[in-house]
Amino acid sequence: MREMQFRPSNILSSFEFSKVLSLASGFCTGDLAKYYFNDPEFYTSAEKLDVILIRVEEFKKSLLSNSPLIISEYHDVTHHINNTAVIDFVLSVEALQEISSVTISSHQIINYFSPSKIQLYPELGILSGDLIDLKEIESSISQIIDENGEIKNTASARLHSIFKAISYKQAEINKVFNQIATDMKSRSLLTDTVEAYRNGRRVLSLPVENKRKIRGIIHDESATGKTVYIEPEQIIDLNNDLFDLETEYKKEIYLILKKISNDIRPFSDDIISNMKVITEFDVISAKAKVAVKMNSFKPVLSDKPLFNFIKAFHPLLFLKNNATGTITVPFDLKSENEDRIVVISGPNAGGKSITLKAIGLLQIMTQSGFLIPADENSVIGIFTKIFADIGDQQSVDDDLSTYSSRLKNMKEFIENADDNTLVLIDEFGTGTDPKIGGAIAEAILNELKKLRVFGVITTHYSNLKLYAFRNKGVMNASMHFDKEKIKPTYRFIQGKPGSSFAFEMAQNSGLDRKILNYARFKAGKTIKRIEDILVELQDSKAELELKILELKEKAVQLDKLTKKNESLFNELDFGRKKLKLERKELHSVELGKKSNELNKLINEISKDRKLEEARNLAKKIEEDKKRVVNEINEARNYVEKSVKSTWKELKPGDYVKIKDGNVIGLISKISKNTASVQTENFLIEVPIFELIKSQKPVNIVSYRSVNTNITESSRFDSTIDIRGYTKSEAIDTLHTMFDNAILANASILKILHGKGIGTLKNLVRQICGEYNNIEEIWHPDPDQGGDGITYIKLK
């Protein structure tokens, strides 16, 4: 993935992107996610960015649902896990608690994504699949550490035993101590505080003059020296026993921590992996919370550099106005056709700079994986470079004036920009003599246009508005101004240049009329007239372009209609010729039947010795038959010739559709005027003139070869070859053929079954007996196939 370039280096600050990052950081649960927003990732792959945005969009939907996904507290445990690489390293209780936070958060996310939740949030579901269930570690830690971060006295059997012994010993010490304290208090030997703790021991508080009235160890005395703290001799041994027990208790805790540290070591990689996935969820969660606050949506992404903002808002202005109940005016902006650079003009404080900054911030937010406050049908392209020149660029360190600094930026832009660059320039050309500054700005604009960059530029210069009007690739836009109320409306208008309305705003500010009159006199009428003419020209141009577009659309529609009519005419002509051919073929079949009947008749007539008369009749029928055959051949040639232009370029490997039907197949070979076509279920032989080129179907499955010569409707094969079929295959094929014949309203069926021992021929007649719409069954003359072919006439 290519890294994004920003020029100058402070561009993100110029667009106040840091405020968006700060807002997102405040929504993070863990420090790792907060660190991410200190240096966020920018995406130049539309495919990867789309996944990121979908995940944020899904998380937003979750937040707005009745059961939102909550990221619980987790910590950066990298340092702790690295320590476990040292054999027998013992993790602290605090370290185990932080590791437990990762396992608990992992478990909660895994449990959230039930099958129904995965169906609702598929991309987040895929990400959750990267989490490894660490319930074993979570359970082990929870067994030894309580909610307050203390080791449970039940962490091991030995620890529990020592804990009980300590409890008994403390009870014994308290009993003896209380007896001594009560006795001494009754003798007024103690101070008012009676007792205290020193060096972890329970001691009596005595005035210094009474210290020799009790045997024991002095642990401390007060700052004034008037009070001493003595451990009575009777409980010294008991306290020593308690100390030994507490030492044993600490040793046992150490062994417990050592064991669980060793148990965690094999899961080190899994814990780190889960921590990273949780961080990713946390980042997505923060972006989704920003989206909810800004009422943001996922735009449509394009892998090409372009922009089409629909009802878009400046994100920070939207938040500010929302807090005060002020209405924010959205804008629409589209890079149309070859117009890649937009020149925005209009009055000061009219919204030009805000619109430009909004475009920059929205683009930066999108390419860093944020949803944006714009209509979800907005289209955002991918830029690999974003260059911007905004605000006061004066540099004391580099000894550069504002204008010099801006010229330096322009030089860098031109040297580094390409057609994947978005250039944003505010108040283009200002900072020097207007006439010279305007000329230099126009020259730079011309060079940027040649580089085919995308850009948005704000200006007051008329020569730049005129340049945008005259040159393709650059278009005018403006911020609307209410002339009657003499105030800006902040409404963005694409396609029209705007006026600065300097005199109107000066008048509204209360500037003295004499001053304004003098200014108008010095400015002359020409300046105002130029702006008015430019606006009128732009309107005429826009109207003309709209009419040209409408004419082009009508021309395209007319061309489609003409082609459709031609296609319908050709189909109708083909159908008419094909119908004529089919009628001739049917007539030929009828003549064949009459020929068979005539042969029988000749045999009968010969018995009555009227042989010559019969032979003349037979000769006449045979001549009629030949004539019909010739007519069939002529009709076939005529049909083939009439559609030759549509199939003469067909070749093996082409997908074709059979005329008048929906059957689509792949040409496997072409032999003379016949093509072998593999359809979904059959390999069929089709006259090539009945084919038209088509697109690849969803699926083509090879199946058993069936040769057929299609002469009826292409939706149904009236001729089929079952030679070589098994009995079950033949039954299935014949049933399918008869069923389809009924649906296609076919009249004559031709079945090639071969002679053999007559099994398939008898099977055909058996299947025919199952249907009540069979009118006649016969075999052709021996020279036309004889008993190897069965003709069936349907009612």
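**Exercise 1. Describe the open sheet of four strands and the helices that pack on it.**

Solution. The strand order in this open sheet of four strands is 22-23-25-24, and the pairing is mixed. Strands here are DSSP runs (E) of at least two residues, helices are DSSP runs (H or I) of at least four residues, and both are numbered from the N terminus. Two strands pair if DSSP finds at least two bridges between them.

Step 1: the edges. Strand 22 (719–721) and strand 24 (774–778) are the edge strands, each of which pairs on one side only. On average, neighbouring strands of this sheet are turned by 20 degrees against each other, direction ignored.

Step 2: a pair inside the sheet. Five bridges join strand 23 (residues 748–752) and strand 25 (residues 789–794) in the antiparallel sense. Leu752 has Ile789 in strand 25 as its bridge partner.

Step 3: the helices. Helix 23 (residues 727–744) packs on the sheet and touches strand 22, strand 23, strand 24 and strand 25. The direction of helix 23 makes about 165 degrees with that of strand 23. Helix 24 (residues 759–768) also packs on the sheet, touching strand 23, strand 24 and strand 25. Its direction makes about 10 degrees with that of strand 25. Such angles run from 0 to 180 degrees between N-to-C directions, with axes fitted to C-alpha atoms, for helices over the stretch in contact; contact means heavy atoms within 4.5 Å.

**Exercise 2. State the basis of the model and summarise the protein chain as a whole.**

Solution. The model is predicted: local features need pLDDT of at least 70, side-chain atom pairs count only at pLDDT 80 or more, and totals for chains, interfaces and linings use all residues. Residues are numbered from 1 along each chain as its sequence is written, and side-chain values use heavy atoms, with hydrogens and water left out.

Step 1: the elements. The protein chain has 24 helices and 25 strands.

Step 2: burial and surface. Of its 795 residues, 44% count as buried, where buried means under 20% relative accessible area, exposed over 50%, and partly exposed in between (1.4 Å probe, protein chains only). The exposed area of the protein chain is about 43,500 Å², of which carbon and sulfur atoms supply 51%.

Step 3: contacts. Among contacts between residues at least 6 apart in sequence, 67% join residues at least 24 apart.

**Exercise 3. Analyse the hairpin of strand 2 and strand 3.**

Solution. Step 1: the pairing. Strand 2 (residues 195–198) and strand 3 (residues 201–207) run antiparallel and are joined by four bridges. Tyr197 has Arg202 in strand 3 as its bridge partner.

Step 2: the turn. Two residues lie between the strands, and Asn199 takes a positive phi near 55 degrees.

Step 3: the charges. Glu195 and Arg202 form a salt bridge, with their closest N and O atoms 2.6 Å apart. A salt bridge is a side-chain nitrogen of Lys or Arg within 4 Å of a carboxyl oxygen of Asp or Glu. Glu195 is partly exposed at a relative accessible area of 29%, whereas Arg202 is buried at 11%.

**Exercise 4. Determine which parts of the chain are tied together by the salt bridge of Glu280.**

Solution. Step 1: the partner. Glu280 forms a salt bridge with Arg55, and their closest N and O atoms are 3.2 Å apart.

Step 2: the positions. Glu280 lies in helix 12 (residues 268–294) and Arg55 in helix 4 (residues 46–63), so the pair ties together parts that are 225 residues apart in sequence.

Step 3: the surroundings. Glu280 is partly exposed at 30% relative accessibility, while Arg55 is buried at 11%. A network of salt bridges links Arg55, Glu123 and Glu280. The search of the whole structure finds 23 salt bridges.

**Exercise 5. Examine the charged pair Lys411 and Glu415.**

Solution. Step 1: the distance. Lys411 and Glu415 meet in a salt bridge at 2.8 Å, N to O.

Step 2: the spacing. The two residues are separated by about one helical turn because they are four residues apart in helix 15.

Step 3: the exposure. Lys411 is exposed at 51% relative accessibility, and Glu415 is exposed at 52%.

**Exercise 6. Locate Ile457 and list its contacts.**

Solution. Step 1: the place. Ile457 belongs to strand 13 (residues 454–458) and is buried, at 2% relative accessibility.

Step 2: the contacts. Leaving aside neighbours within four places in sequence, Ile457 is in contact with Ile341, Val342, Val343, Ile344, Leu356, Ile425, Phe428 and Leu445.

How values were computed. Areas by Shrake-Rupley, 256 points an atom, 1.4 Å probe, with all protein chains shown as cover.
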